Amino acid sequence: MGRRELEKGIHKDLAGEMTYGGYLQLDKILDAQHPHSKPPHHDEMLFIIQHQVAELWMKLMLHELEATIGFMQQDELDRCFKILSRVKHVQAQMFNQWAVLETLTPSEYLQFRDTLGHASGIQSHQFRKLEFLLGNKAKDYLSVYAHDQKVYQELKRALDSPSLYEEFLLLLHRQGFDLPEEVIDRDWSVPREGHPRVIDVFKTIYSQPQKHWDAYDMAEKLVDLEENFQLWRFRHVKTVERIIGYRMGTGGSSGVDFLRKGLDQRLFPELLDVRTEL
């Protein structure tokens, strides 16, 4: 068997130097898994890491989507395209990692489920902010975060600001597309419904893609974003159904039935409705 020697140029005296572990703060990350079951149940480590990794991916998605919104506000659609392509790959990672959690059987999960108390994914403030940025506004969810005013105010700002899709509509309006006043000047915290004149705008864009290429490309990237988000939701439903069946969720929700309702939510309605009109 071949053997790879340690090359002479590799740095070994790292005292006082920036190291891999130091740069990534691995001491904090790798010391953040603390099972609550007593004695520690083997599979609780999987459950903890699965959710921590999901939160890290969501942090990156928020970072990227907020940058996208910033570029839209500056009318720089071209700078959004690579970012949204990256988000699409992050979504694929989040979708595929459900397969790891699905190795957890019902009997294994029940060995430590009670240690969660009322802790639940429904309390994830990053996921809630992600939903707000994608336009799924729901003011009543803020009450879940009343115990943490810093998080509450962060989510309130996201709730009261235009979503990613709404920023796109505002950009189209600045470009001269005929969008109604009630679409471009509204209470952003209120969920929006599809509007026929917005469908007409996208019908123009889709009918003449070469003339409106950037808007056309952005529209398709948003369709990708919504489809992948809903696929992630569906995989979540099926994973929970597989592991706990129709038990009540630890956070007090109805569990699978509650999660399944999310599959009916539409983020960018006109982008789908226009397909029927073309």
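These legends go with a set of close-up views of a predicted model.

**Figure 1. An all-helical chain, seen whole before we zoom in****.** The protein chain has 14 helices and zero strands. Read from the N terminus on, the elements simply go α-α-α-α-α-α-α-α-α-α-α-α-α-α. Laid along its principal axes, the C-alpha trace of the protein chain spans about 60 × 55 × 40 Å. Keep an eye on α12 (213–244), since this helix turns up in several of the views below.

**Figure 2. Two backbone oddities in the loops around α2 (26–29)****.** Start in the loop between α1 (20–24) and α2, where Q25 sits. Q25 has a positive phi of about 50 degrees, although it is not a glycine. Then hop to the loop between α2 and α3, which is where P39 is found. The peptide bond leading from K38 to P39 is cis, and its omega is near -10 degrees.

**Figure 3. α4 running alongside α12****.** A pair of packed helices is described by the angle between the axes and the distance between them. Here α4 and α12 pack at an angle of about 15 degrees, and their axes are 10 Å apart. Angles under 35 degrees count as roughly parallel, so α4 is roughly parallel to α12. The crossing itself is left-handed. From α4, the contact takes in C80, F81, L84, S85, V87, K88, Q91, M94 and F95. From α12 come D214, D217, M218, K221, D224, L225, N228, F229, L231, W232 and R235. Sorted by class, the residues of this contact are eleven nonpolar, three polar and six charged.

**Figure 4. α11 (residues 196–207) meeting α12 crosswise****.** The axes of α11 and α12 come within 9 Å and cross at roughly 110 degrees. The two helices are therefore roughly perpendicular to each other. Their crossing is left-handed. On the α11 side, look for F202, I205 and Y206. On the α12 side, the contact is made by A215, Y216, A219, E220 and V223. The class count for this contact is seven nonpolar, no polar and one charged.

**Figure 5. α14 (residues 269–277) packed against α12****.** α12 and α14 pack at an angle of about 110 degrees, with 9 Å between their axes. That value falls in the range of 65 to 115 degrees, so α12 and α14 are roughly perpendicular to each other. This crossing is left-handed. In α12, the residues to find are A219, E220, L222, V223 and E226. They meet L271, L272 and R275 in α14. This contact divides into five nonpolar, no polar and three charged residues. A219, E220 and V223 of α12 are worth a second look, being listed in the contact with α11 and in the contact with α14.

**Figure 6. The one cavity, with its lining residues****.** The structure holds one cavity of 30 Å³ or more, with about 70 Å³ of space inside. Around it are M58, M61, Q91, M94, F127, L130, N228, F229 and W232. The elements giving two or more residues to this lining are α3 (44–73), α4 (78–96), α7 (125–133) and α12. α12 gives the most, with three residues. The lining has seven nonpolar, two polar and no charged residues. Some names are familiar from Figure 3: Q91, M94, N228, F229 and W232 line the cavity and also belong to the contact between α4 and α12.

**Figure 7. The largest pocket, centred around H51 and its companions****.** This pocket has a volume of about 1500 Å³. Its lining runs to 49 residues, and H51, S120, G121, I122 and S124 lie nearest the centre. At least two lining residues each come from α3, α5 (98–101), α7, α12 and α13 (256–261). α3 gives the most, with nine residues. By class, the lining has 21 nonpolar, 21 polar and seven charged residues.

**Figure 8. The second largest pocket, with R192 and R266 among the residues nearest its centre****.** The volume here is about 270 Å³. Of the 15 lining residues, G135, N136, P191, R192 and R266 lie nearest the centre. The lining splits into five nonpolar, five polar and five charged residues.

Definitions and conventions:
Residues numbered from 1 in each chain as written. Predicted model: local features only at pLDDT ≥ 70, side-chain atom pairs only at ≥ 80, totals over all residues. Heavy atoms only, no water. 1 Å grid on protein atoms, 1.4 Å probe; cavity = no way out; pocket = protein on both sides within 12 Å on 5 of 7 lines; lining within 4 Å. Points joined across faces, edges and corners; volume = space filled by probe spheres on them. Helix = DSSP H or I, 4+ residues; strand = E, 2+ residues; numbered from the N terminus. Nonpolar A, V, L, I, M, F, W, Y, C, P; charged D, E, K, R; others polar. Axes fitted to C-alpha atoms, helices over the stretch in contact; angles between N-to-C directions. Parallel < 35°, antiparallel > 145°, perpendicular 65-115°, else oblique. Left-handed = near helix turned anticlockwise from the far one by under 90°. Contact = heavy atoms within 4.5 Å.
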